[in-house]
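I opened the model to look up a sheet, the nonpolar cores and one residue in a strand. My entries follow.

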Amino acid sequence: MNFRDALSNCALAAVLLLVTSAMAAPIPGIGPVGEIERVQNGFEFTEGPAVDGSGNVFFTDIPPGRIYRLDGDGKLSVFLEPSGHANGLMFNAGGTLFACQMEGQLVSIDPASKNVTVLAAEHQGKRFNAPNDLVLDQSGGIYFTDPRYRAPQPLPQGTEAVYYLAADGKVTRLIDNLQAPNGVILSPDEKTLYVVPSMQKEVWAYPIQSPGKLGPGRIFFALKQPEGKENSGGDGLSIDTQGNLYIATQLGLQVVSPQGELLGILEFPEQPANVTFGGPDRKTLFVTARTSLYSAKMEAQGHAFPGAK
C-alpha cells in the first residue's frame, strides 16, 4: 500500500459525522441498510480494524505508529504508542489482541497491561519484511502476509510471502509466488484460505489440508478494475456468515460470493484499506479508509471465528 503524506492540520472528530456523498445502491441481502457514516477522521493512513468481545473497535494509524480504541460511547483514545507501525489486528477468544508490526514482527498485546509479546520475528534466521495482515484459526495458529510495504531494501526475506505460525511457535512459509500478498482470511468452515495481492488483480484460494498445510492454489476471483488500469489489486478483507468476501479495493469494497461471483461494490468517500464486522449482532461494517474510520449498518452478519471470538 502507498501511504499519504501526514495531514497534520486535521483534527480528530469527536462525534459521528454524516457522510452525504452519493453511495451505490444497497446489494440485495447484503446492505447497507442506512447511511454510511464517518465515525472519526483526521488520521494519516488507517488500517487493521478489529472488534473485541465488548464491542470496542480497535484500529491502527500506520505512519505515526498508533493503535486507537473507540468505545461504545464513541470515545476515542490512543491504546498503544509506539505500536511498531502495527497494521492488521485481530482478537482471539481470550481477548488477547494480535498485531502485525511492519517493523518485522508478529506480536500479541494484553489489553489490560498493554504488554507486548513477540511471537515471531524471523524466518530462517532473517527478520520478516513487514508483516501486514493476519487471521487466527481454531487450532491457535496464525496465517499472516509479509509483503514489501515499509520493509527494508533489499527485502530481508528476499521474497514476499504468506506464513503460518503454529500454536507451538513453528513458522512455515506457505506461499511465495504472489505480487505483494496483502489481505488474508479463512472461510467460515476454515477449509479455504483466501489471499488478496495488492499488485495483481487475481484473488487466490487455497484448500487447507490441515492447519498450516495448503493444497495447490487456484484463482478465485479477478477484481473489477478502475478505468485505465489492468492489474490493480486489493488490500484487507472480511467475511460474513454466508462466506461472502468484502475486499478493499480502489473502487470500494468488492463483495464476492463463495462461488467467485461479484455481488456488488460498496463505495466510500475515501479508498478503503481494510474492513471488519462489529456491533452487538455483528451487522455493522467498520471500514478504515485513508484518513477516516467509517461504519455502515448491514443486512449481512459477520462471521465470528471460533479461535477469535
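I looked up strand 22 and strand 23 (residues 245-249) and found them paired in the antiparallel sense over four bridges. Strands here are DSSP E runs of at least two residues, numbered from the N terminus, and two strands pair if DSSP finds at least two bridges between them. For Gly234, I noted Thr249 as the bridge partner in strand 23.

I should record that this is a predicted model, in which local features need pLDDT of at least 70, side-chain atom pairs count only at pLDDT 80 or more, and totals for chains, interfaces and linings use all residues. Residues are numbered from 1 along each chain as its sequence is written, and side-chain values use heavy atoms, with hydrogens and water left out.

I then followed the sheet: four strands, open, antiparallel, in the order 22-23-24-25. Strand 22 (234-239) and strand 25 (262-266) are at the edges with a single partner strand each, so one side of each has no neighbour in the sheet.

Next I checked the largest nonpolar core (buried Ala, Val, Leu, Ile, Met, Phe, Trp, Tyr and Cys residues joined through side-chain atoms within 4.5 Å). Of its 42 residues, Leu134, Val135, Tyr143 and Leu193 touch the most other members. Another core, of 18 residues, lies apart from it and includes Ile30 and Phe277.

Last, I looked up Thr276, which lies in strand 26 (residues 274-278). Thr276 is buried (under 20% relative accessible area, 1.4 Å probe, protein chains only), at 15%. Its contacts (heavy atoms within 4.5 Å), leaving aside residues up to four places away in sequence, include Pro49, Ser238 and Phe286.

Definitions and conventions: Buried means under 20% relative accessible area, exposed over 50%, partly exposed in between (1.4 Å probe, protein chains only).
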